[in-house]
2 protein chains.
Amino acid sequence: MDTNLNAVPDVVILRLPLYIRALNVLLNEQKDVVSSRQLGSFLQMEPAQIRKDLSYFGRFGKQGRGYNVEFLVNELGQILGLDRKWLTCLVGMGRLGQAIINYPGFAPEGFDIVAAFDSDTRQIGTDVGGIKVLPMLSIGPTIEKRKVAIAIVAVPAQQAQSVVDQLIHAGIKGILNYAPVALKVPTDIVMRNIDPVVSLQSLTFYLLRNQQR
Amino acid sequence: MDTNLNAVPDVVILRLPLYIRALNVLLNEQKDVVSSRQLGSFLQMEPAQIRKDLSYFGRFGKQGRGYNVEFLVNELGQILGLDRKWLTCLVGMGRLGQAIINYPGFAPEGFDIVAAFDSDTRQIGTDVGGIKVLPMLSIGPTIEKRKVAIAIVAVPAQQAQSVVDQLIHAGIKGILNYAPVALKVPTDIVMRNIDPVVSLQSLTFYLLRNQQR
DNA sequence: CGATGTGAAGCAATTCACAGCT
DNA sequence: AGCTGTGAATTGCTTCACATCG
């Protein structure tokens, strides 16, 4: 075993947060040890895949017993960098932006929204969820001064590319994009897209196929 | 070429909506023909992958020329079942539910939200975005009577599994889940999860890895 | 025994490369 | 000449199966 992080397949990284979610549920249920078989039945996946995934990073289990839940959740958190705070900003304070900034799920996981931006002059200066809304022109200086690493983009599709360009120019390295467009970013920038319509549009294929039969 | 829809890999189905998005942009730009190379550079992917993906469904292109944009977007829409309306309901009318029901992106793509449910007695009976909020007990009768096929779940994590069980019992076949939990559904139910925290938690891995070097 | 960790095997997806059409 | 459609080659991922250990 080698633990070369560059050799870990992307799909494996995408699954780690799901393992963490499941392990936290088990922790709440006072379970202190779990086997790959139990975790697999919980997440509806093959035990072998879980063991192989974990083996990219180390030997976390005990033969004949399984994995210590608390230990494993901490190890995985460390691998993903969840053992520290990530300064985050939000661009776009429309209805979606409002919902995002008021969503209580980010902070407990270490994603602290420390700045918010909008182009609407009526929004600028108002206080939303304890954060003052700044004008778009403040994006650069704010990100640089506060060393914000992640941006959440919740602007209309038309503005998204220009906003993302500004963010990257200011030093942002990770982007969570809610705008329904395919954005272009340099290879060293990590982006995730959240687009409910795209999700539904592949879902319907299976609905169609399942219904005729 | 055979066009057996059961033989199409899931990853291919997941990419079709992205092609549609891109093609619609090109349509707006009055482009009437596009090559796999152009589309690939637009979407940052390999031309061969696009051609192979499309070849699962038919021969849509012309050699030496490329693909007719309007024709291809219509074909793909038909394959995914986007050429008709999908009756959709929304469960959970908190901040997230409000944002979802007011999001103007669903209806133009054929996803009509025709019913909304909540457990909060103060919400029930109110009118949100032209739709009256019904109590949870109405889920079954409403879905059955109106033949709703898709449900969007925007309730707290704790209630999500029970809500999903009710929806499936009432005949829902597709679920777009916003609750941050791993839900269990039968194999004939199609589910998509939207969880921004999970998205961020894999993003951070690459931020960590890129910064040390 | 019971369960991990892991090479090897098997399967799936991507990319190559080129015949064939326009 | 340019570009599609597609077998073949390649690359990547998942699952098997078992040595090994508690």
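Reader: How many bridges join strand β4 of chain B to strand β5 of chain B?

Author: This is a predicted model. In chain B, β4 covers residues 86-91 and β5 covers residues 111-118, and the two run parallel. One partnership between them is that of B:Cys89 with B:Ala115. The number of bridges joining β4 to β5 is 6.

Reader: Which strands stand at the edges of the open sheet in chain B?

Author: The sheet is open, with 7 strands and mixed pairing, in the order β6-β7-β5-β4-β8-β9-β10. An edge strand here has a single partner strand, so one of its sides is left without a neighbour in the sheet. The strands in that position are β6 (127-128) and β10 (190-193).

Reader: At about what angle to β10(B) does helix α8 of chain A run?

Author: Helix α8 of chain A comprises residues 196-211 and lies across strands of chain B. Those strands are β4, β5, β8 (150-153), β9 (174-177) and β10. Relative to β10(B), the helix runs at about 170°.

Reader: Which residues are the closest to DNA strand C?

Author: DNA strand C is surrounded by 24 residues. By class, the surface near this strand has 6 nonpolar, 9 polar and 9 charged residues. The closest are A:Ser36, A:Gly61, A:Gln63, A:Tyr67 and B:Gln63.

Reader: What distance separates a phosphate oxygen of DNA strand C from an N or O atom in the side chain of B:Arg15?

Author: Of the atoms of DNA strand C within 4 Å of the protein, 61% belong to sugar or phosphate, and the rest to bases. A polar backbone atom of A:Phe60 is 3.0 Å from a phosphate oxygen of this strand, and a side-chain N or O atom of B:Gln49 is 3.1 Å from a sugar or linking oxygen. For B:Arg15 and a phosphate oxygen, the distance is 2.9 Å.

Reader: Which element gives the largest share of the surface near DNA strand C?

Author: In chain A, the elements giving two or more residues to this surface are α3 (47-55), β2 (61-62) and β3 (66-68). In chain B they are α1 (10-28) and α3 (47-55). The largest share is 4 residues, and the element that gives it is α3(B).

Reader: Which element gives the largest share of the surface near DNA strand D?

Author: The surface near DNA strand D divides into 6 nonpolar, 9 polar and 9 charged residues. At least two residues each come from α1 (10-28) and α3 of chain A, and from α3, β2 (61-62) and β3 (66-68) of chain B. The largest share, 4 residues, comes from α3(A).

Reader: How far is a polar side-chain atom of B:Arg51 from a base nitrogen of DNA strand D?

Author: B:Arg51 is one of the closest residues to DNA strand D. Other polar side-chain atoms lie by the backbone of this strand: that of A:Arg15 is 2.9 Å from a phosphate oxygen, and that of A:Gln63 is 2.5 Å from a sugar or linking oxygen. For B:Arg51 and the base nitrogen, the distance is 2.8 Å.

Reader: Is A:Gln123 buried or exposed?

Author: A:Gln123 lies in the loop between β5 (111-118) and β6 (127-128) of chain A. Leaving aside neighbours within four places in sequence, A:Gln123 is in contact with A:Met93, A:Gln98, A:Asp118 and A:Val133. The cut-off for burial is under 20% relative accessible area. With a relative accessibility of 18%, A:Gln123 therefore counts as buried.

Reader: Which residues of helix α6 of chain A are buried?

Author: Helix α6 of chain A runs over residues 139-146. The cover over its buried residues includes β4 (86-91), β5, β7 (131-135) and α7 (157-169) of chain A. Just after the helix, A:Lys147 takes a positive phi of about 55°. The buried residues are A:Ile139, A:Gly140, A:Thr142 and A:Ile143.

Reader: What is the relative accessible area of B:Leu54?

Author: B:Leu54 is placed in helix α3 of chain B. Not counting residues up to four places away in sequence, B:Leu54 touches B:Tyr19, B:Phe60, B:Tyr67, B:Leu72 and B:Leu76. B:Tyr19 is 35 residues away in sequence, with a C-alpha to C-alpha separation of 9.9 Å. B:Leu54 is buried, and its relative accessible area is 3%.

Definitions and conventions: Residues numbered from 1 in each chain as written. Chains lettered and ligands numbered in written order. Predicted model: local features only at pLDDT ≥ 70, side-chain atom pairs only at ≥ 80, totals over all residues. Heavy atoms only, no water. Pairing = 2+ DSSP bridges. Contact = heavy atoms within 4.5 Å. Axes fitted to C-alpha atoms, helices over the stretch in contact; angles between N-to-C directions. Near = heavy atom within 4 Å. Polar contact = N/O pair within 3.5 Å; in protein donor to acceptor, adjacent residues only side chain to side chain. Nonpolar A, V, L, I, M, F, W, Y, C, P; charged D, E, K, R; others polar. Buried < 20%, exposed > 50% of the residue type's maximum accessible area, 1.4 Å probe, protein only.
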